[in-house]
Amino acid sequence: MSSKTDLLTLGIETSCDETSVAVIRGEYEVLINSVYSQVDLHAKYGGVVPEVASRNHVVKLPYLVQEAMQSLKLRLSEISLVAATYGPGLVGPLLVGLTHGKGLAYGLGIPFIGVNHLEGHVFAHRLTQPEVEPPFMALVVSGGHTSLIDVPQYGTYQLVGMTVDDAAGEALDKIGKMMGIGYPAGAEIDRLATLGNPDTVRFPRPMIGSSSFDFSFSGLKTSVVYHLKKNPRERPEDIAASVLASVVEILTKKSIEAARRFHRKHLIVTGGVAANSHLREALTGAGKERGVQVSFPTRSLCTDNAAMIAAVGAFRHQQLGQSHPLSLKPDPSLSLGALAIEG
Ligand code: KG4
Ligand code: ZN
């Protein structure tokens, strides 16, 4: 096995509509992390079309691998490990990245490791702030997930709460669609909200008073539909600010409470919605008041990328001595509790 610092891991991420390839050295050093977003291809449908996504991963992925090698002046034979996402996500897109990764590992005669995308989001934070070690509470909040996960140590995860319907990012994207904002809408709602008044409409805060750490965002979405029908002239900036006020309050209250209930002094917040400036500010402020230190990955590592996938692979291979057989299949509904793996 290579020494701890010179292991070169090729990471592949294709679980949704981003084709991404990364190479990292050791467990932390990102040499390249290229992300090709298919967003323009899906925008006209107002959401990701799985078949279109799969086909475009097939076209783009080999090209991104080749381009990464060329720009690093590396040969594929110098790669020591291949890591690819095997779930959760869309089955077709997952299959493309997983099959390509396994094929490369087989051809090169090197180990392969399948990575849980959610663990990847946790490791996006590790890449940015390696000094923040578990135990901590993690909020993974994206277009596909809104989960609170207790992390006593890397590789051990306990699901504390999750959305019972829409993910926070999914709700923002659907609300954005109703407002006529392009897909995905999260970043634009973030920008508009900065120019609006959050007190314009008091949208509901579903499940905010419940004792569980589960979330629900579909009622908020319905409430925005009715409001927009009745008030078509409301300023988009004010709607965006009012919607985000609700989403941010729910996420902030539950996450800080979960950290405190589990006696965690640190909360990490990751996934696409963690790029949101209002959420970052509210969580940091609430954390200061309640004695919980809150931190985030850099914005570019919040959204889907392959560096975080390579980071999990390198950790599991180096620290836990793990790899997967090439018979590994995609698992679209893989949870973070299902990390059984061969030694
Ligand atoms: O992590 P990600 O790239 O993909 C999933 O695993 O789902 O997250 C994408 C989600 C989308 O719903 C997008 O609207 C949202 O993250 N998003 C944001 C922001 N940037 C991306 N939501 C709120 N504010 C942002 N600045
Ligand atoms: Zn993601």
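In which helix do H117 and H121 both lie, and how many residues apart are they? In this predicted model, for which local features need pLDDT of at least 70, side-chain atom pairs count only at pLDDT 80 or more, and totals for chains, interfaces and linings use all residues, the two histidines are found in helix α4 (residues 117–128), four residues apart, about one turn of the helix. Residues are numbered from 1 along each chain as its sequence is written, chains are lettered from A and ligands numbered from 1 in the order in which they are written, and side-chain values use heavy atoms, with hydrogens and water left out.

The protein has eleven helices and ten strands, taken as DSSP runs numbered from the N terminus (helices H or I, at least four residues; strands E, at least two). Its radius of gyration over C-alpha atoms is 20 Å, which agrees with the value near 20 Å for a compact globule of 343 residues, under the rule of 2.2 Å times the number of residues to the power 0.38. Along the principal axes, the C-alpha trace spans about 60 × 45 × 30 Å. Buried residues (under 20% relative accessible area, with exposed over 50% and partly exposed in between; 1.4 Å probe, protein chains only) account for 54% of the 343 residues.

Both H117 and H121 are buried, and each supplies its NE2 atom to the zinc ion (ligand 2), where D304 (OD) is also a protein donor, with distances of 2.0 to 2.1 Å. Donors are N, O and S atoms within 2.8 Å of the metal (3.2 Å for Na, K and Ca), and water is not among the atoms, so sites may look incomplete. Along the chain, the donors follow the spacing H-x3-H-x182-D. The arrangement is irregular because the four donor atoms subtend angles of 94 to 141°, whereas four donors count as tetrahedral if all angles lie between 85 and 135 degrees, and as square planar if opposite donors are over 155 degrees apart and all others between 65 and 115.

The zinc donor H121 also has a polar side-chain atom 3.5 Å from an oxygen atom of ligand 1. A nitrogen atom of ligand 1 lies 2.9 Å from an N or O atom in the side chain of N276, and an oxygen atom of this ligand is 3.3 Å from a polar backbone atom of G169. The protein covers 88% of the 560 Å² of accessible area that ligand 1 has on its own, with areas from the Shrake-Rupley method with a 1.4 Å probe.

Key. Tetrahedral: all angles 85-135°; square planar, octahedral: opposite > 155°, others 65-115°. Polar contact = N/O pair within 3.5 Å; in protein donor to acceptor, adjacent residues only side chain to side chain.
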